[in-house]
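Visitor: Could you walk me through this structure, with a few questions along the way?
Guide: Gladly, let us look at it together.

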Amino acid sequence: MRKHISGSGNMADGGYGGSVVLFLFFFIFFLAFSNAEISSRIGINYGRLGNNLPSAFQSIQIIQSMNAGRVKLYDANPEILKLLSGTKIHVSIMVPNHEIISIASDQSIANKWVQDNVFQYYPDTMIRFILVGNEVLSCFSDQEKNIWLNLVPAMRRIKNSLRAQKIQNIKVGTPLAMDILQTTFPPSKGNFRSDISSTVIVPLLKFLNGTKSFFFIDVYPYFAWSANPSNTSIDMALFKSNENYTDPATGFVYTNLLDQMLDSVIFAMTKLGFPDVRLSISETGWPNAGGVDQPGANIYNAATYNRNLVKRMTAKPPIGTPARPGEVIPTFIFSLYDENQKDGPGTERHWGLLNANGAPIYDIDLTGNHLQSEYGPLPKPNNNDPYKEKLWCIAARGADLMELDRALEYACSQGNGTCDALDPGRECYEPISVTWHSSYAFSSYWAQFRSQGANCHFNGLAEQTTTNPSRGSCKFPSVTL
């Protein structure tokens, strides 16, 4: 999951080539044929980054009870693939990022991967998608960039392995984040980043077009809205808006933020000469909780977004988007569970439809048949407006002291005077306790490095507070939002 914050806005200039628009209108005539083979049943992302989650056996039973039409895995877990055998759930499996280069280099390695992870279970397990990597083009270290040019060759190798066994109903793709786009607003100005456009995206689109596969995109209106809540109404992000936005170049009218973001991808593909590659939403959702510094992350908004999403994506006839009306867009909600071992800001651990014990955080009908009036009341949101006061980061209640000590050592090892005030004789040295010293170190570290992506988590050992923990002459550094 990657943040992308430029998917919305209120005003923009026009200036868009008419030929691209004609391409999009021409595409609409082919939708009736192509949609005949695509199911609109909602899928779920089944992540397992938690130490308190139900077993795989229980999880598959839960997924079946929820009437999910698809499940997306972040690997090719043998136990789960066996448990899915005999169900009617369509399955998406994933090649890990670190295996892409070796698969791209050698067809025999690709053959073995497919033999071990597909043919062992297919067709009793209804594997329908093989996704090569996860948000590969959002990784920017030199080592990770080496994967970029190997992505499409690895996809070709996997497809060759399937073709050798005459398997035609498994599509090969790769899920990408919205940060692959350089421009997203207005949708008609959608453009891919210049560092990947010709070298990676064009070969990818050629492959997807030639194999009739999907462009898989992880798209989160929450990130686009929460990055600048004053610029777009939350109702637009939640499919509730009575307002609309008209793209000045195309005249397309948008009533929600998701459609704007999806169409920016469609226009970007069209500009590269691929107007008819189908979209699939590999991840979308809304967090049910988060940090104080993350507005709008609450149960009310999460339930509202996902319920309206399901209703829209399962509608008959299909709704599509303004650029592609009537198109079925296969969609996977992120995610099945809240996952307590995910790193990052607070929302990262709170995207689930279910608590870690398997109980629903809110009711949702994935078939889309439930009327909104049939749902019970939701807790009213109290954090839709951004918090604008000071925040501190302190040791979490009940945190293990040995683990705290290690986290304290890490925070103080980052330099920049982070823990100078904890030196013997200094203003924050006393009281001498791991909890006190950790709390100061966490606040100091977060205040100094938040602008570089640091968060108040420390593997679950830290928590945010709006209460100033300073005592006497010891002044805790704070974050001001």
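**Cysteines, sheet and cores**

Guide: To start, Cys412 counts as partly exposed, because its relative accessibility is 30%. Please keep in mind that this is a predicted model.

Visitor: Is the disulfide partner of Cys412, Cys419, buried or exposed?
Guide: Cys412 is joined to Cys419 by a disulfide, with 2.0 Å from S to S. The cut-off for a buried residue is under 20% relative accessible area. Cys419 has 9% relative accessibility, so Cys419 counts as buried.

Visitor: What is the handedness of the disulfide of Cys412 and Cys419?
Guide: Look at the torsion about the S-S bond, which is about -85 degrees. That value is negative, so the disulfide of Cys412 and Cys419 is left-handed.

Visitor: How many residues apart are Cys393 and Cys456?
Guide: These two cysteines form a disulfide with sulfur atoms 2.1 Å apart, and the link is right-handed, with 90 degrees about the S-S bond. Cys393 sits in strand β14, whereas Cys456 is in the loop between α14 and β15. The pair thus links distant parts of the chain, and the separation is 63 residues.

Visitor: What is the pairing of the bonded cysteines, numbered in sequence order?
Guide: The whole structure holds three disulfides. Besides the two we have met, Cys428 and Cys474 form one, their sulfur atoms 1.9 Å apart. In sequence order, the pairing is 1-5, 2-3, 4-6.

Visitor: Which strands stand at the edges of the nine-stranded sheet?
Guide: The sheet is open, with parallel pairing and the order β5-β4-β3-β2-β1-β13-β12-β9-β6. An edge strand has a single partner, so one of its sides is left without a neighbour in the sheet. The strands in that position are β5 and β6.

Visitor: In β12, which residue is the bridge partner of Phe215?
Guide: Strands β9 and β12 run parallel and are joined by five bridges. Helix α11 lies across both of them, at about 135 degrees to β12. The bridge partner of Phe215 in β12 is Leu279.

Visitor: Which element gives the most residues to the largest nonpolar core?
Guide: This core has 110 residues, and Phe215 is among those that touch the most other members, as are Ile93 and Trp113. With nine residues, the element that gives the most to this core is α11.

Visitor: How many residues are in the second core?
Guide: That core is separate from the largest one, and its members include Leu404, Cys419, Ala441 and Val479. Cys419 is thus a residue we have already met, as a disulfide partner of Cys412. The size of the second core is 28 residues.

Technical notes: Residues numbered from 1 in each chain as written. Predicted model: local features only at pLDDT ≥ 70, side-chain atom pairs only at ≥ 80, totals over all residues. Heavy atoms only, no water. Pairing = 2+ DSSP bridges. Helix = DSSP H or I, 4+ residues; strand = E, 2+ residues; numbered from the N terminus. Contact = heavy atoms within 4.5 Å. Axes fitted to C-alpha atoms, helices over the stretch in contact; angles between N-to-C directions. Core = buried A, V, L, I, M, F, W, Y, C linked by side-chain atoms within 4.5 Å. Buried < 20%, exposed > 50% of the residue type's maximum accessible area, 1.4 Å probe, protein only. Disulfide = S-S within 2.5 Å.
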